[in-house]
Amino acid sequence: MPEYLVRLAQIHETFRKAELHALAELAGVELEIVKYDDDSPYCIVHLPSDAAAKQVASRAMLIQGIYELWGQGSTYDEFRSNVTETSSTKWPTYQTSTFSFRIERYRGVQAPAEQTRAIIESFQFLGFKGKVQIKNPEASFRIFEEYDLDAKEPKYLYLGRWIADSGRDAKNTYDLKKRHYISTTSMDAELALLTANIAQAAPGKIFYDPFMGTGGFPLACAHYGAVVTGSDIDGRSIRGLGGSARRGQTGKKNVEMNFQQYGLEGNYLGGFVSDLTNTPLRLPSSHGVTTETDFAYLDGIVCDPPYGIREGLKVLGSRETLLPTERATHAAQYRTEGYIPPKRPYSFTALLDDILTFAVSTLVPNGRLSMWMPTANDEDVELIIPQHPCLELTSVCVQAFNKWSRRLLTYRRKRASEIPEGALEEMAKRAYETGTRASDLNDFRRKYFQGFREFEDMKKEFIRMKVGAGVKQEEARAEADQIQEAKVSAAEKAELAKKEVEARTKDAEAAAVKAEELNERFNAEART
Amino acid sequence: MKLLTLNFLTCAIKTCKTNASSFPLHPRDAELEIQEADVNLPFLKNILPRLMWEELRTICKELGLPDLPPTPPTPTDLISGGNSTDTTEGRTQAEQEPSQTAKDLHRVLLETCIQEGKLVCGCCGHEYAVKEGVANFLLPGHLV
């Protein structure tokens, strides 16, 4: 298969391969990544044809352009001979075309014009006789020089014939700064569009966002042609009664108007107010349909569930079980204007599992679930990715922040034939955090507000004290790290010790119970 | 909310969900509005097999909309000239013209919206209010 050079955007590196694969699969073309490095914007792939290359690139967010690879090398001599080797059969095709020739330097400095000219002229051996034309040429070529940071000489070179640009411009069109109606937790446009790409939103499909807020994800999916709907537990964000989060903006704005802003209102089915744990959407159990997949109707679910930090994590219900009198009050008053149903905090891990269960019931085979999930950087992250026997994890992309990161998890709904027998029965009811306060229920929230601050603060304080006492800063830091490690292992030891004590207490209790029994029996026997 | 959504919505009360009469929800005192949109043929084709046709007909009857045919249309019914199968096979998606059936279906599913009114569960009789085109499915404290 022919080789193509993908010029990637040097941002959100862990999302790039996931997007490439998702788009290739959506376009129904075979794609094989030959050369890829997170530190480089150049990636070489195998694709069946120019048309396929164009199809993959045209709506990508993290691609800037796609080129037919005409040669590569680490020095100019090697590069030029490789160009002859790779592409000499293609030269005659472009012999009389109008053409342009440019150089792109990644991480390099701008070279003087005469040097650039000399490089371009050294490619005269391609034998092009057509006119040079910068605007709209019939064939456009580009030399890519890749440098190491602060290096004088390029470390690698590519020559490519331009095939297509990408859909990256959409991130400017959908920029949150220009959107009429947003909220404090609206997802950045680039990442929302990227999510829609990885979830394979496309014409003819129907997508749903159970935590829509002001509709950022549905909007991104609608941009790619999907028909969308969404819901949120807070009706004000959909109807727009709460006002816009944009400073100085007055007047009514709502989700519908966001769709109108981009001319996508035809793709918007409308939103509704609901809670995922008491969803009104039809589920297979509601009609006694046994073959789940016959019943499914969603092509994709995209969401950024509330983490319980900036946006509270609540579901319907009360913190304490309602007393009969309270229930009577609710029953009597729920029809009155301004009645607000009670809500209670909910466990984050339980919510993630609820999303998976919901996705399994509603997604068509091969449908996608893409959801964002936060995590503290110091945890062993791989362990806590939620799993379901009917869902296959297709990609994990990470956006790292300072002390925490969030990940985009994408799952594929398996076909009925792919699901191992008995797997569903094993999904026994899992144990979740219990409690009535938000922090008891949400590990991440707790860590966010104390956890990953605690250690850092202590470490800083320690270093400051040591430096004050005349110790070199680096030594102090090393020592602080050691103490931190020691503290962690001490915590582990304490945990073990606690467990042992618990186990012993249990033994002792069991022994006491047994003794009691024996005693009783003995007494009874003595009486007879 | 566009009428297609009603084909996916049941009563939110868990004990109701297992009862067949909780679907579809019955519109009451509904104010309808038409929001014109281009016919989305690929979408209609895709969604057609996922529709609960009988329930859709019920809703249309209750809203006083023109009757839908008793059996769901086939994918070829959606393309104009769809009966002559030899020509449709060769044509690409972009060239296909929607038939009158497709236009009617599009009108009902994707252009007719409920702006105000109530959706009532056929099982428990609980009413869900629709305001400004947004239905509220939050359950009061005593029903969760």
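A visitor questions a guide about a predicted model, and the guide sets values against definitions.

Visitor: Why are α1(A) and α6(A) called oblique to each other?
Guide: Their axes cross at roughly 45°. Angles of 65 to 115 degrees count as roughly perpendicular, and those under 35 degrees as roughly parallel. The crossing angle fits neither class, so α1(A) and α6(A) are oblique.

Visitor: What makes the contact between these two helices?
Guide: The axes of α1 (residues 13-27) and α6 (residues 189-198) of chain A come within 8 Å. A:Phe15, A:Ala18, A:Glu19, A:Ala22 and A:Leu23 contribute from α1(A). From α6(A) come A:Leu191, A:Leu194, A:Asn197 and A:Ile198.

Visitor: Which residues touch the most other members of the largest nonpolar core?
Guide: They are A:Phe15, A:Ile355, A:Leu369, B:Leu4, B:Leu119 and B:Tyr128, in a core of 118 residues. Helix α12(A) gives the largest share, 9 residues.

Visitor: How do you know where this core lies relative to domain 1 and domain 2 of chain A?
Guide: Domain 1 (3-168) and domain 2 (171-316 + 342-441) both supply residues to it, so the core lies between them. Another core, of 21 residues, lies apart from it; A:Leu8, A:Leu31, A:Cys43 and A:Val45 are among its members.

Visitor: What does B:Tyr128 touch, not counting residues up to four places away in sequence?
Guide: Its partners include B:Cys11, B:Ala12, B:Ile13 and B:Leu25. B:Leu119, B:Phe137 and B:Leu139 are also among them.

Visitor: Why are β15 of chain A and β1 of chain B called edge strands?
Guide: The open sheet has 11 strands, in the order β15(A)-β16(A)-β14(A)-β11(A)-β8(A)-β9(A)-β10(A)-β4(B)-β3(B)-β2(B)-β1(B), with mixed pairing. β15 (391-400) and β1 (26-34) each pair on one side only. From one strand to the next, the twist averages 20°.

Visitor: How do you know that β1(B) and β2 of chain B pair?
Guide: Pairing needs at least two bridges, so a count settles the matter. β1(B) and β2 (residues 112-120) have 7 bridges, in the antiparallel sense. Within this region, B:Glu33 stands opposite B:Cys113 of β2(B).

Visitor: Which strands does helix α12 of chain A lie across?
Guide: Helix α12 (residues 348-362) lies across β8, β11, β14, β15 and β16 of chain A. The helix runs at about 170° to β14(A). Angles over 145 degrees count as roughly antiparallel, so that label fits this pair.

Visitor: What is A:Asn82 in contact with, leaving aside neighbours within four places in sequence?
Guide: A:Asn82 sits in helix α3 (residues 76-87) of chain A and contacts A:Trp70, A:Gly71 and A:Gln72.

Terms used: Residues numbered from 1 in each chain as written. Chains lettered and ligands numbered in written order. Predicted model: local features only at pLDDT ≥ 70, side-chain atom pairs only at ≥ 80, totals over all residues. Heavy atoms only, no water. Helix = DSSP H or I, 4+ residues; strand = E, 2+ residues; numbered from the N terminus. Contact = heavy atoms within 4.5 Å. Axes fitted to C-alpha atoms, helices over the stretch in contact; angles between N-to-C directions. Core = buried A, V, L, I, M, F, W, Y, C linked by side-chain atoms within 4.5 Å. Buried < 20%, exposed > 50% of the residue type's maximum accessible area, 1.4 Å probe, protein only. Domains from an automatic or database assignment.
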